[in-house]
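Hi,

Here is the structure I promised to pass on to you. Have a look at it first, and my notes on what turned up follow right below.

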Amino acid sequence: MRPLRIPAVQAALSFILAQWMQFCFATIRWTHENQTVAQDVWTRGGGVLCAFWHSRIALSPACWPLKKAQPAKALISLSADGQFIAKAVALQGFPAIRGSSSNKDKTDRDKGGSQALRAGLRQLKIGALAITPDGPRGPARQMAEGLPMMAKISKVPTLFIGMSCSPAIRLNSWDRAIIPLPFGRGAIVWDVADYPNGEDLDHVRLDWAERLNAVEARADAITGLKP
């Protein structure tokens with residue numbers, strides 16, 4: 001049995017990861033770029049989609065100030081690894097909606113995609129929903145249709161969030177996920193878009209993937225994190 005499938009182990013590791021993340025966030029020297037677009041969204045309130053690549057999940061709580069932004073939930077996969085991450089993120093004030101947002105085939109829908117879509121749309125009526133549009137299986141930095149589809153249906157803005165820190169631990173995972181280290185340099189870069197009326201879903205998907213790549217690359221350039 002994989003260790004992450006044991007509830008007690010999962011709970012303990014989630015707590016440790018959450019505490020480690022908070023310690024790192026408090027000691028990292030952060031640079032924020034183009035934050036005014038996020039502040040406008042926070043001031044306006046209501047629904048918003050928050051998109052970042054799967055490799056940056058461990059940095060994501062640092063980008064959302066709970067005291068001045070709308071309440072947020074995270075869309076996290078039904079896998080054992082997803083459950084581990086969901087608990088760590090929930091301990092920092094971001095409860096999870098479980099399921100896949102990709103909706104590429106019947107298998108995804110059976111793994112909670114349809115239910116997650118409905119729950120996500122309900123969340124977008126009142127607050128923020130965080131999505132990793134290349135998760136849960138990749139390929140890394142290739143956007144599935146779930147994010148633009150939810151933006152089209154909900155008619156809420158989408159924030160593209162690039163996050164980086166250096167030094168950092170790179171996991172040997174499909175997405176080369178980053179775990180922060182303390183006392184380093186961090187960067188958060190924002191961009192924002194609404195779903196363009198009448199635009200083809202696939203065209204929007206490709207365009208938004210480029211925009212998300214751009215903010216992440218900019219964040220990496222600020223911190224000096226190597227690809």
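In this predicted model, the buried residues of α2 pack against three strands: β2 (48–51), β6 (158–170) and β7 (178–193). The residues in question are Val37, Ala38, Val41 and Trp42, in a helix that covers residues 35–44. Looking down the axis of α2, you will find these buried residues within an arc of 140 degrees, so they line one face of the helix. That fits the usual geometry: an α-helix has 3.6 residues a turn, so residues three or four places apart point the same way. On the face of α2 turned away from the buried side sit the exposed residues Thr43 and Arg44.

Both flanks of α2 deserve a glance at the backbone. Asn34, in the loop between β1 (29–33) and α2, has a positive phi near 60 degrees although it is a residue other than glycine. With 37% relative accessibility, Asn34 counts as partly exposed. After α2 comes Gly45, and its phi is positive too, near 75 degrees.

A similar case is Arg141, which is not a glycine but has a positive phi of about 60 degrees. Arg141 belongs to the loop between β5 and α5, and its 28% relative accessibility makes it partly exposed.

That loop, between β5 (128–131) and α5 (146–154), also holds Pro139, and the peptide bond from Gly138 to Pro139 is cis, with omega near 5 degrees. Another cis peptide bond runs from Ser166 to Pro167, again with omega near 5 degrees; Pro167 is in strand β6.

Happy browsing, and best wishes!

Conventions. Residues are numbered from 1 along each chain as its sequence is written. This is a predicted model: local features need pLDDT of at least 70, side-chain atom pairs count only at pLDDT 80 or more; totals for chains, interfaces and linings use all residues. Side-chain values use heavy atoms; hydrogens and water are left out. Buried means under 20% relative accessible area, exposed over 50%, partly exposed in between (1.4 Å probe, protein chains only). Helices (H or I, at least four residues) and strands (E, at least two) are DSSP runs, numbered from the N terminus. The arc is that of the directions from the helix axis to the C-beta atoms. Contact means heavy atoms within 4.5 Å.
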